Amino acid sequence: MKKPIIILTAALILAGGSTGAFLAVKHKQDQEKSASQAQKADNVLFTINSDSISKLEFDLSDGEYVAEKGEDGVWKLTNRDDFELDQVYMQLICTYTSELIAEDSYGKADDSKKAMYGLDDPLTIKMTDDSRTYELYLGNESPTGEFYYAMTGDKENVYAIDSYEGSALFADRLTLKNKKLVPYGINDISKITIKNDGKETCTISYDDATSFWKLDKKYDSLTTDQTAITAMINELVRTEAEDLMDENFTDLAKYGLDKPDGEVIIEGKDGTKRTFTTVTNENDPNYSYVLIGEDKQLEIYLTSSMEVAVSTPFDYISHTLKAADMYSIKGFDIEIDGKNNEFTIDTDSKTCTMNGKSLDISNSEGYMLFQNFYDSFSMMAIEGLDIDAKPDDSKTVVKVTYHNSDDTDSELSIAQDGGKYYIFKDGKYTGAYAPADRFSGRTSINEFYKKLAAYAI
């Protein structure tokens, strides 16, 4: 009898021991879980509504910068006025700090620990919302580069925050500074001047009376390409620096800015001005150095964004000179190689005469042959500009006199001089020259004339 009782008693003792051990383990796990949860909660450094932050104060190595958000949502420096703020960066600061969570904690800070982690002389950012001010202190980057050491104004521990967030929050004067090339919107610019070798090569002005952009008066015979100018200005106002380098930069020869690719002067409607010079980086042509004239700020931009600095009036004119619309004339006389040809036309009835003989343009073949011939000189391609040339207008190779529907006449002529075909309109040199293939070969005026003459027979 005694043996089963002993066994049963032993089992009860073991069961009791197992239960006690189980309870002890569970208690320890609960404590660890509670501690872990407490640590996670403590690692939440800030919980702020980012949109409610209206003031940011930066205590940096070179001084204090106080930024405040106006009713229009624009951030401005309020304790100084030496530059405009980077609006995107201001929003980034608000976003990153609003829900900043540490990756780890190193316990309560003392003087030695602060010195160890670079928090004895930290970079300080203060964020103020509707109710209070929060403080963030940033110290050194960890040796592995994974973290930045940080503290807050209302916690006593040292924390590690992710290096991505830490590097973004680690502000300096240049990260605060506006990265935009020009401080204007697309409708705020009144004039753009481009210089090369110190000489003015292109000037574009906005005409308030017509609401159009225009080039210098000497280009009045040509059509300004409003689309090209608008595209260029869109690029200007959207362009941002890839990097900001030195302020008050004066050693121009160091990067070749003593011999820049070009200089651009942009005038605002408010009377302000932005000037910059640019030169392509010889070691990496994808990038260009840019020096802002107003504050001698050296910056780096994509070279593709700097095309304006080497642009010319040719980039901002229509590359086709439209002499006269076929639907607005009664006829025209054209002199080719010394021979004159007279045409009359009525586009409404699709009737036409050539040297007094009827020319059937009522069918598609005849109409196409006539239109190709007419467009070959009336839609004259412009190959380039030579505004200072003084071509001899007596060396005419083509001359057209248009008899307009309003009983006026207008004239287009081409003079060959020195290998170029200069375009004249109403007896005045336009400043442009035409491609040579308009005067010889398969696409020449003469070739289209021959095809039309053959059809007329």
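## Strand β5 and its neighbours

Two strands count as a pair if DSSP finds at least two bridges between them. Strand β1 (residues 55–60) and β5 meet that rule with five bridges, and they run antiparallel. Lys 55 stands opposite Thr 128 of β5 in this pairing. Keep in mind while you look around that this is a predicted model.

β5 covers residues 123–128, and five of its six residues are buried, leaving the strand mostly covered. Strand β6 (residues 133–141) is another partner: six bridges tie it to β5, again antiparallel. Thr 124 has Tyr 137 of β6 as its bridge partner. The chain gets from β5 to β6 through a hairpin with four residues in the link.

## Strand β13 and its neighbours

Now move along to β13, residues 262–268. Five of its seven residues are buried, so the rest of the structure largely encloses this strand. Strand β9 (residues 189–196) pairs with β13 in the antiparallel sense, over six bridges. Ile 189 is where to look for one of the facing positions: across from it in β13 sits Gly 268.

Strand β14 (residues 273–280) also runs antiparallel to β13, and six bridges join the two. Here Ile 266 is matched with Arg 274 of β14. β13 and β14 make a hairpin with four residues between them, and Gly 271 in that turn takes a positive phi of about 90 degrees. As a reminder for anyone tracing side chains, those of a regular strand alternate between the two faces of the sheet.

## Aromatic pairs

There are 26 aromatic pairs in the structure. One of them is Tyr 65 with Phe 83, a tilted pair with ring centres 5.9 Å apart and 40 degrees between the planes. It links distant parts of the chain: Tyr 65 belongs to strand β2 (residues 63–69), while Phe 83 is in the loop between β3 (75–77) and α2 (87–98), 18 residues away. Tyr 65 and Phe 83 are buried.

Tyr 106 and Tyr 117 make another pair. Their planes are at 25 degrees and their centres 5.3 Å apart, so this pair counts as stacked; the cut-off for that label is under 30 degrees. Distant parts of the chain are linked here too, with Tyr 106 in strand β4 (residues 104–108) and Tyr 117 in the loop between α3 (111–116) and β5, 11 residues apart. Tyr 106 is partly exposed because its relative accessibility is 27%, whereas Tyr 117, at 12%, is buried. The line for buried is drawn at under 20%.

## Helix α7 and the ring cluster

Ring pairs also build a cluster made up of Phe 332, Phe 343, Phe 370, Phe 373, Tyr 374, Phe 377, Tyr 402 and Tyr 449. Among the buried residues of α7 are Phe 370, Phe 373, Tyr 374 and Phe 377. Gly 366, Tyr 367, Leu 369, Ser 376 and Ser 378 of α7 are buried as well.

The helix itself takes in residues 364–378, 15 in all, and spans 20 Å from first C-alpha to last, close to the 21 Å expected at 1.5 Å a residue. At its start, Asn 363 places a side-chain oxygen within 3.1 Å of the backbone nitrogen of Glu 365. Tyr 367 has company on its ring face: Lys 350 lies over it, 5.1 Å from the ring centre.

## Two loops with positive phi

Asn 355 is not a glycine, yet its phi is positive at about 55 degrees. You'll find Asn 355 in the loop between β20 (351–354) and β21 (357–360). With a relative accessible area of 39%, Asn 355 is partly exposed.

Asp 407 is another non-glycine with a positive phi, about 70 degrees this time. Its loop runs between β24 (396–404) and β25 (409–417). Asp 407 counts as exposed because its relative accessibility is 60%, and the cut-off is over 50%.

## Cysteines

How many disulfides are there? The test is a pair of cysteine sulfur atoms within 2.5 Å, and by that rule the count is zero. As for where some of the cysteines sit, Cys 94 is buried because its relative accessibility is 1%. Cys 202 comes in at 2%, so it counts as buried too.

Note on methods
Residues are numbered from 1 along each chain as its sequence is written. This is a predicted model: local features need pLDDT of at least 70, side-chain atom pairs count only at pLDDT 80 or more; totals for chains, interfaces and linings use all residues. Side-chain values use heavy atoms; hydrogens and water are left out. Buried means under 20% relative accessible area, exposed over 50%, partly exposed in between (1.4 Å probe, protein chains only). Rings of Phe, Tyr and Trp (its six-membered ring) pair if their centres lie within 6.5 Å; planes under 30 degrees apart count as stacked, over 60 as edge-to-face and the rest as tilted. A charge sits over a ring if NZ of Lys or CZ of Arg is within 6 Å of the ring centre and within 35 degrees of the ring normal. The expected span of a helix is 1.5 Å times one less than its number of residues. A polar contact is a pair of N or O atoms within 3.5 Å; within protein, one must be able to donate a hydrogen and the other to accept it, and residues adjacent in sequence count only if both atoms are side-chain atoms.
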